[in-house]
Amino acid sequence: MFSKLMVEKYDAEVGESMKKIAIIGSGGSGKSTLARQLGYKLDIEVFHLDAMFWKPNWVGTPKAEQRRVQHERVNKDAWIFDGNYGSTMDIRLQAADTVIFLDISRVICVGRIIKRRIKYWNKPRPDMGKGCDERISFPFLKWVWSYPKVKKPEIMNKLAQLPDETKVVILSSPKEVERFLERVEHNETTGTV
């Protein structure tokens, strides 16, 4: 269906290097965790969109400012962005040399959201803006639950339209994410990723 999508997933050749990485996927799919792990392994600066664009007490940043900040950051030599932010996603996807789509089961995602709500009770997550204590809302859970039917087709369409040189990695389970990270670690020591 998509000739340039890496349907073989993590076992496919990722490429010679990953320097500009966009990580997308449903809430609870593990975007921030993967971003931190890749940032550490590859020694690349990580930008958590939630931390960048939520001000204390869950006050959102205007779209124009979001676009300006992202345009500035994608011009850096290397970066990892984690987050969706659909209205600005194209900025990151078009500038990325690698896009990682975490296509994780909605059951796993909802379970992780509940778990992190308990873990970060009355405090913000490390990848969230200061003053934005962890919370769960019914609309957010509904968005996560409907993600495979509503958002995933949009994402797949965006991925299919990326330039041919953009590497796309689709990881569909925690085990695939783990194997991908092992592969990055292995290739990092041999000089290729």
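## Lining of the largest pocket

Helix 1 contributes 6 residues to the lining of the largest pocket, the most of any helix. This is a predicted model. Helix 1 spans 31–42, and at least two lining residues also come from each of helix 2 (49–53), helix 3 (63–74), helix 5 (106–119), helix 6 (138–150) and helix 8 (174–190).

In total, 42 residues line the largest pocket. Nearest its centre lie Gly27, Gly28, Asp50, Arg116 and Arg125. The space in this pocket comes to about 1100 Å³. Sorted by class, its lining holds 15 polar, 14 nonpolar and 13 charged residues.

## Strand 6 and its burial

Strand 6 covers residues 98–102, and 5 of its 5 residues are buried. Its side chains are split between two directions: Val99 and Phe101 point one way, while Thr98, Ile100 and Leu102 point the other. Residues pointing in both directions are buried.

## Strand neighbours

Strand 6 pairs with strand 1 (residues 20–25) in the parallel sense, over 5 bridges. Within this pairing, Phe101 of strand 6 is the bridge partner of Ile24.

Strand 6 also runs parallel to strand 7 (residues 167–171), and 5 bridges join the two. Here Val99 stands opposite Val168 of strand 7. Val99 and Phe101, which point the same way from strand 6, thus each have a named partner: Val168 for Val99 and Ile24 for Phe101.

Conventions. Residues are numbered from 1 along each chain as its sequence is written. This is a predicted model: local features need pLDDT of at least 70, side-chain atom pairs count only at pLDDT 80 or more; totals for chains, interfaces and linings use all residues. Side-chain values use heavy atoms; hydrogens and water are left out. Buried means under 20% relative accessible area, exposed over 50%, partly exposed in between (1.4 Å probe, protein chains only). Helices (H or I, at least four residues) and strands (E, at least two) are DSSP runs, numbered from the N terminus. Two strands pair if DSSP finds at least two bridges between them. On a 1 Å grid over the protein atoms alone, a cavity is a set of points where a 1.4 Å probe fits but cannot get out, and a pocket is an open set with protein on both sides within 12 Å along at least five of seven lines; lining residues have an atom within 4 Å of a point. Grid points are joined across faces, edges and corners, and a volume is the space filled by probe spheres set on the points. Ala, Val, Leu, Ile, Met, Phe, Trp, Tyr, Cys and Pro count as nonpolar, Asp, Glu, Lys and Arg as charged, and the others, Gly among them, as polar.
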